[in-house]
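Open the model in your viewer and get ready to make a few selections. We will visit an enclosed space first and then an annotated tyrosine.

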Amino acid sequence: MAGMKTATGDYIDSSWELRVFIGEEDPEAESLTLRVTGESHIGGVLLKIVEEIKRKQDWSDHAIWWEQKRQWLLQTHWTLDKYGILADARLFFGPQHRPVILRLPNRRALRLRASFSQPLFQAMVAICRLLSIRHPEEMSLLRAPEKEKKKKKEKEPEEEVYDLTKVVLVGGVAPASFRGMPAHFSDSAQTEACYHMLSRPQPPPDPLLLQRLPRPSSLLDKTQLHSRWLDSSRCLMQQGIKAGDTLWLRFKYYSFFDLDPKTDPVRLTQLYEQARWDLLLEEIDCTEEEMMVFAALQYHINKLSQSGEVDEPAGTDSGLDDLDLALSNLEVKLEGSAPTDMLDSLTTIPELKDHLRIFRPRKLTLKGYRQHWVVFKETTLSYYKSQDEAPGEPIQQLNLKGCEVVPDVNVSGQKFCIKLLVPSPEGMSEIYLRCQDEQQYARWMAGCRLASKGRTMADSSYSSEVQAILAFLSLQRTGGGGGGSGNHPQGPDASAEGLNPYGLVAPRFQRKFKAKQLTPRILEAHQNVAQLSLSEAQLRFIQAWQSLPDFGISYVVVRFKGSRKDEILGIANNRLIRIDLSVGDVVKTWRFSNMRQWNVNWDIRQVAIEFDEHINVAFSCVSASCRIVHEYIGGYIFLSTRERARGEELDEDLFLQLTGGHEAF
């Protein structure tokens, strides 16, 4: 027992005084002085603190934070000696869950209680469970950017902050549904309004506000966002986050698994909002035609949202829906293909053969496209001078595995080109394929995309890839004559009211066109999407976003080993891209599927990656910590291991093993 005294009041045991501050990190916080020994365990110290405070309340969420070591003392059976705590330790007794303000993908603010003691990944699982978002592994938190100091003191308008700090979910129990929403949102009018904010698209922003928001003007600017990601393996407290701080909640990994409008209304809406703001703030580039399609989809979604047409099937039994879906899937699997078709598919290698126009940019040349006979088999593209010479030696043969496939399309101008950047010993070899029409373009584009991933046209996803490309092209095609538009309740004549095109397009198009020029083009594109439901329109918007050439690439400034200049490293869900910083051209691409291992030297802050064929790449990070690159690589590899059969199971240990660093904190 600590604190044995003699008759004179002197201590005769090995006990010593330990000072503990009550509350969060605050120099003026009240403190207690306890008499302890090195053999005192943390649980006993917690009990003494509660007894000394002499206040009845629920202390179950409280724990001790060791300020000097930036560490929570959560192992209550450990002794002070085992932790290495001495009399000079600054300890704080405070709650593990504290309020933070999250800036959501839809730019709205939400206050909730988050864990400051668990690794961020586990805290994100709890946050997404509270917000009714499946697959929390795709999301993470960023530090809010520092506000620029304004010369004039402008009074900022008060912003509505939704509050969920009083909502507590029971651990291990799936939230029940009530009145078409998770039960914990139906407790009050405030929480119900919060759910509607989460699950319904927001109206278009004020065009003047949109023009004032910061936008990246170069690739270098785009790297700044990715330097602010928090570490998934450390808790918020260890990363200097304090109660009441504002953090950004975003989809970090662009690999969206099992996106279902019925079970994912919040996830679908927030993903749509992130895609929408990416386009409006020019975080991702798109063509003029594509922007009109995105504007038309936004306009349609906003109309449906304002009219209250949400996808909530009334009076249907979800159990029967699930049963019908399962039976239809089983029927498709049982029907399958005939045994003879299956045998043919196993013995026949699918290939494409057609006349295409090819252009190979070279220095000091003005030659344009030339027609060739092109054969595409497995992952190899070969082209000949004519069809008669096809059995012989081709002019050139290219293996497209690991190449970059970039669409170059103008539907109104009947331009259907495919830009290929093929890896070669000298860097990236550039070649353009020009197709005659949409059908030919869709077939060849789908084949090139699969080949770049190391897959052939025998892959089951080939047909769906062709259909997705055709669907995106049909959105860009302007509506036909006035014959059919009058039958649509949301045709241009009926929907021209209240359309402010400047809230639907990026500022560069606001500068280029007047409102009266944009409005008819948006309404014309709207005819192609006017019959979509709200969830279908959101899914179509996300699919179109995913079809953009620069989709899902996170940028970091690095310096490759042996190089004297900074370059850009692009990280996508299946590859790493080396980009020239000065001109923005792709120099080299490496696929994750060819990666053998990667290591991080935390002392010199260098990432080293080994690929097949003894290819080694090493670089140091300039604009962000190498931990962020390490976490991106490990995170994407983890996401590639997910299987639909496992359902909602999430292997948290595997994620932390792949993304956690060994950096000395």
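Which element gives the most to the lining of the largest cavity? In this predicted model, the answer is helix H3, with 3 residues.

**Stop one: the cavity**

Select helix H3 (120-131) and then strand S8 (139-143); each supplies at least two residues of the lining. Now add the lining residues themselves: Leu-120, Phe-121, Met-124, Glu-137, Met-139, Ser-140, Ser-232, Lys-252, Tyr-253, Glu-631 and Phe-655. Colour them by character and you should find 6 nonpolar, 2 polar and 3 charged residues. The space they line holds about 50 Å³. The count of cavities of 30 Å³ or more comes to 1.

**Stop two: the annotated tyrosines**

Next, select Tyr-11 and Tyr-502, where the UniProt record places the feature "modified residue: Phosphotyrosine". Stay with Tyr-502 and zoom in: this residue is in the loop between helix H13 (492-495) and helix H14 (507-512).

Is Tyr-502 buried, partly exposed or exposed? Tyr-502 counts as partly exposed because its relative accessible area is 22%, and the partly exposed class runs between 20% and 50%.

**Stop three: around Tyr-502**

Keep Tyr-502 on screen and show its contacts, leaving aside neighbours within four places in sequence. Pro-207 and Leu-210 are among them. Also select Gln-510, Phe-513, Lys-514, Ala-515 and Leu-518, which are likewise in contact with Tyr-502.

Terms used: Residues are numbered from 1 along each chain as its sequence is written. This is a predicted model: local features need pLDDT of at least 70, side-chain atom pairs count only at pLDDT 80 or more; totals for chains, interfaces and linings use all residues. Side-chain values use heavy atoms; hydrogens and water are left out. On a 1 Å grid over the protein atoms alone, a cavity is a set of points where a 1.4 Å probe fits but cannot get out, and a pocket is an open set with protein on both sides within 12 Å along at least five of seven lines; lining residues have an atom within 4 Å of a point. Grid points are joined across faces, edges and corners, and a volume is the space filled by probe spheres set on the points. Helices (H or I, at least four residues) and strands (E, at least two) are DSSP runs, numbered from the N terminus. Ala, Val, Leu, Ile, Met, Phe, Trp, Tyr, Cys and Pro count as nonpolar, Asp, Glu, Lys and Arg as charged, and the others, Gly among them, as polar. UniProt positions are given in the numbering used here, feature names are shortened, and annotations may be inferred rather than shown by experiment. Buried means under 20% relative accessible area, exposed over 50%, partly exposed in between (1.4 Å probe, protein chains only). Contact means heavy atoms within 4.5 Å.
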